[in-house]
Structures are given as structure tokens and as C-alpha cells.
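Welcome! Let's walk through how to read the meeting of two domains, one feature at a time.

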Amino acid sequence: MFANRRVGAGALVAVIALTTGCAVRSDGPQAPGIEEAVARIEPALLRGHLQFLSDDLLRGRGTSDVGYEIAAEYVAAQYARIGPQPIDGDSYLQPIDLLEAGEDRGSSLDVNGLRFGNREAVFTPDWTGERPEISGDGVFVGYGLPYEGRDDYGDLEVEGAVVFVLSGAPEGWVEDARRAPLTRLQAETAYRRGAAAVVQIPSSEATERAQIGFERRLAPRRPLRALVDGTAAGFRTEAQLSPAAAEQLWDAWGLTRDEAIEMSEAGSAARAVGPVILTRDREANPSRSWNVIGLLPGSDPEWAGEVVLLTAHLDHVGIGEPDEDGDAIYNGTHDNALGIAQMLATAEVLSEVAPRRSIGFIAAGAEEGGLLGSWHYVRDPILPIESTVAVINQDGGLAAAAAPDEIYAFGDDLSTDLRVALDAAAATHGLSVVSEKRPPFGPSQMLLFRSDHYSFVLAGVPAIYLMPGFSIGGNPEAGRELWLDYLARINHRQRDNYDPTWGLESPVTMAGLSARLAWQLANGDAMPHVNEDAPVQRTRHSPQLPWFLEADAR
Ligand SMILES: [Zn+2]
């Protein structure tokens, strides 16, 4: 059904040259229309998308499933109806070639003579078949975090070593806005220092419950995936030990679990643990998914080569075990049929104004479990990353809620330029942008790493992920309660289903804000930039590896 077509930037430049000034109304950059455009976003513009994409027919839109292909064809057909143009001939599809972890035929980890097999650890496949066996000195570094003078590595060198990190972070770090980002940097830190492999040790006890959680990981509903060159957008370890295996390791290292955690908390756990041999023998099976990309060419020939991107992932997690209601299909209505519906509504109204720069729409594939569609895109973009102005990502929301008074934007602290533009757009909608993020969304920046905008952060592009905030109708906690309920009962569960009684007021507000911000960025004089002091990639470029693996970052 989907031809294997590579999409080159050259083809797109040709599309822009052909269509600028004729496919869109050419009443010039001053064309108003944005007010009317935003006002056109009504529940009816979202509802059909949400209903169709949530249907059981789509089988939970699993990454390589026929249900996802139907969803992709649907989005392509919507682009064709609404206005965004194909990126390659008459095709909106960008293939993503993937590898998917299959059966583990006998991977093992030998730590100074103590051997763990594939029932005691989940092994990441040797994706490219280049490193089936990794051996080196073993080093335990506690949480393995560096921060303002603290360095969990002490003076241990780890070049060529197999680094063991304790999962999680010291108590209090996740509640500290400045330190929380570091909790996702354990593997990155180890690789940056030259580690040959990283093994994760669970910090939880070997309780029956923890063990069951681990068993589930052995046969996950969402298998590990990578692009064909073995890369992913971030944070990967070669193996994760079971809680029971961890207990054996503590024993061998002359520690109790509590002592190990205590020393890790204090940042004084670093020690050599003897020679390690990691042998990987797990299948990596080829599979494929697609990004669905449409482009509204800019109206100004000088600026049309620059593009503002709206992104939302189209995939969800597919089919699993039946829940207590006998429902086995993860329809993923909030996650992320909702973001797609918002993006399509945005595309529909922006097709009627004439922004100076181009605006691109990416329904990203293979987001669940690795951000792989967006990671593929930043490495093979339809317009150069250097000309990519900013990214507005939508993933989830509150379909049943009234319009919010405030919004969260993850990634807003990385680019003051983008935050200033967002503040202006939000103010027009009577919305404030939350600066002090609160649980369950903060102060930790974990959500920076949790959706497709992060792939663009890795490429040096200012990128934000928008969410309705906690204050609704003047009640500062109303939305927080809805979010807590959503996270506890619905998110990534079979019951994330469509309900036709939803008012969709909150999604309408989010779509309207996204449309206005995209329009503003597409017409604004200056390109936003990532802040000088941001702890991420600061210069736009297509990365071959996550920035922490690139030679100059080491
Ligand atoms: Zn999502």
C-alpha cells in the first residue's frame, strides 16, 4: 500500500517554488484573517477525527500494524481535503525503517563470574549486529549523576567500561526543577564519558510485585524499537536487571540494597566491580512505519524555505490483554488521537490564511516507546533543520474539560525567544503560561523527554509541547484533579476511548492557541533560538547521533 519512497529536500523546494503565490491566497504578508481562522476552530472541526481515529477498526494504531496504516491514509486524505500539500509527488508519507526487538535466544551478562540470563535481565538487541559481545571493566556509579560539584563517578574513569547505574534519582531531585532533568541523563552521562555499555539496576525491592512488573517487561506489549542504524532519540541501556538479580549483585558486592541506595543518595557509591562480559543474542526484526507530512507553502518567496512545524504522534500501543471489561484494544483517544485532531483543525484553518513562512504538519509514527518517527524526521527532514523555525507539539489533553485559564509548555525554558512568542499568543486567548510547573507535571522536566518535540530539541530547534494547565474556570485545582484522574485511570489503558458527549472546549482552545502561535512564528521577523546556557544542543543541525554521543560532546 505504501511505496518505499525516499523524500529529498530538493523535491520540496520544487513544490514550494511551484505553489508559492498560487496555492494559497496571495493577499500578502499583512493579510489578517488569523482572528477569523482561530474563531473557525470549533468542536465540530475536531470531533470527526477523534471519533474515527478512536475506532476499534484501527486496532489501537500499533506502530507496524494495519490499523496504523489506515490511520495514516486517513490523515493523508484529510491533508488532501484541507490544504497541506504532499511532500513527494502525490504522497504525504515518509517511510520509517525500523528494527523491533524479537525473541531473546540466549543473551547473558557475566559480572565477575556471576551470570544472569534472559530471565534475569531484559536485553536490548545488538541492533546492527556489530557488537554481539561487549567486555570491559565493570563500574558501579550509583545514580551516575553529575551536578554542580557533585559527581557520582568520583574519580573513576569509565572509557570502555560497562557502567552499572541505579534507576531513579536521589530523593528530592525530581521535585527540584533544576536537577530533575538530570534524572533522564544517566545513560547519556555514561556514554558521554566513553562507556561501552550501560546496565540499569532497579532500586525497588525484589518483592513479588516488582518481579511481576519485570516479567511484563520480558514480553512487552510495546517491544523495544530503533531505527535501522540502531539509534533512537535518547536514553537507552543495553540491559535492565530484574529486582531479584539486583539482590544477587548487592550480595556479591558486599552490600545490602539499603546500603547501596544510601551510598547512591550520598553520591559515594562509585566502585570497580570486576570484569564484565555482556553477550547479546536477541532478534532484531525489520519493520516499517510512516510519518504523514503535509506542507502549506509560505506566501513570501523569500521566506517560504523556512518552516514552522506542528507535530502530533499518530501511533498508539495497539492491542493487548483484555481488561476487566473485556476490552483489549488501546484506542488511545487522548493519546494521541486528540493531538492529531487538534493539529488537523489547525491545518484546516491555517490553509486559509497566508503566512509568509511555510507551515508543516507531521503526524509522527513510532512515538510510543522511542520517539522514532520524529527522530527519523530530524535526520531526514523535508526542509533543512537549519531552516526549521520552531516546533509546536501536541500530545494528549483533557477532551472532556472546559477551556483552561492557563497552559503548560514543556521545553519553554530552553528558548526564551519561543517563550516570548508563546506568552504573546496565549495572552490573546486570555491564557497564562505556567512558569512554576507543579506535580504531576513538575517541577520535574520529565515531560521534556516524553514526546516528539524532544527529537527536535536534540537537533537544536526550539520546540515546545503544549498542555492545558490546572486552572479551569477560575478554579486553580480543577484541571489538576482531572489530570490526576486521567493519569491514574485512563492514560495508556484500554479505556482511553472516545465519548461523543465530550464538549471538546479545552481541545478547541489548545488548537486555537497552536494555530495562532504557528501563524505568529511564520510571520515574525526573527527566528527563535535555543538559549546560550540551555543544557541541550544549541545549533540547528540534523544529528546523526543523539547529541550526547556525538564526538564533540565527548
Ligand atoms: Zn502520547
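Q: How many salt bridges does the count give between domain 1 and domain 2?

A: A salt bridge here is a side-chain nitrogen of Lys or Arg within 4 Å of a carboxyl oxygen of Asp or Glu. Between domain 1 and domain 2 the count is one salt bridge. The side chains of Arg379 and Asp229 meet in a salt bridge, at 2.5 Å from N to O. Do keep in mind that this is a predicted model, where local features need pLDDT of at least 70, side-chain atom pairs count only at pLDDT 80 or more, and totals for chains, interfaces and linings use all residues. Residues are numbered from 1 along each chain as its sequence is written, and side-chain values use heavy atoms, with hydrogens and water left out.

Q: Where do the two domains run in the sequence?

A: The bounds come from an automatic or database domain assignment. Domain 1 covers 24-98 + 286-553, and domain 2 covers 106-280. Their C-alpha centres lie 32 Å apart.

Q: What area do domain 1 and domain 2 bury between them?

A: The size of an interface is often given as the accessible area lost when the parts come together. Buried area is that loss (1.4 Å probe), summed over both parts. Domain 1 and domain 2 bury about 2,400 Å², with 63% of it on carbon and sulfur atoms. In terms of contact (heavy atoms within 4.5 Å), 33 residues of domain 1 touch 25 residues of domain 2.

Q: Which elements each supply at least two residues of the side of domain 1 that touches domain 2?

A: Helices (H or I, at least four residues) and strands (E, at least two) are DSSP runs, numbered from the N terminus. Strand E1 (93-104), helix H10 (372-379) and helix H12 (453-457) each do so. The largest share, four residues, comes from H10. By type, this side of domain 1 has 19 nonpolar, 11 polar and three charged residues; Ala, Val, Leu, Ile, Met, Phe, Trp, Tyr, Cys and Pro count as nonpolar, Asp, Glu, Lys and Arg as charged, and the others, Gly among them, as polar.

Q: How many salt bridges does the structure hold?

A: The structure holds 26 salt bridges. One of them joins Arg225 and Glu100, whose closest N and O atoms are 3.1 Å apart. Arg225 lies in strand E10 (residues 225-227) and Glu100 in strand E1, so the pair ties together parts that are 125 residues apart in sequence.

Methods: Buried area = accessible area lost by both parts, 1.4 Å probe.
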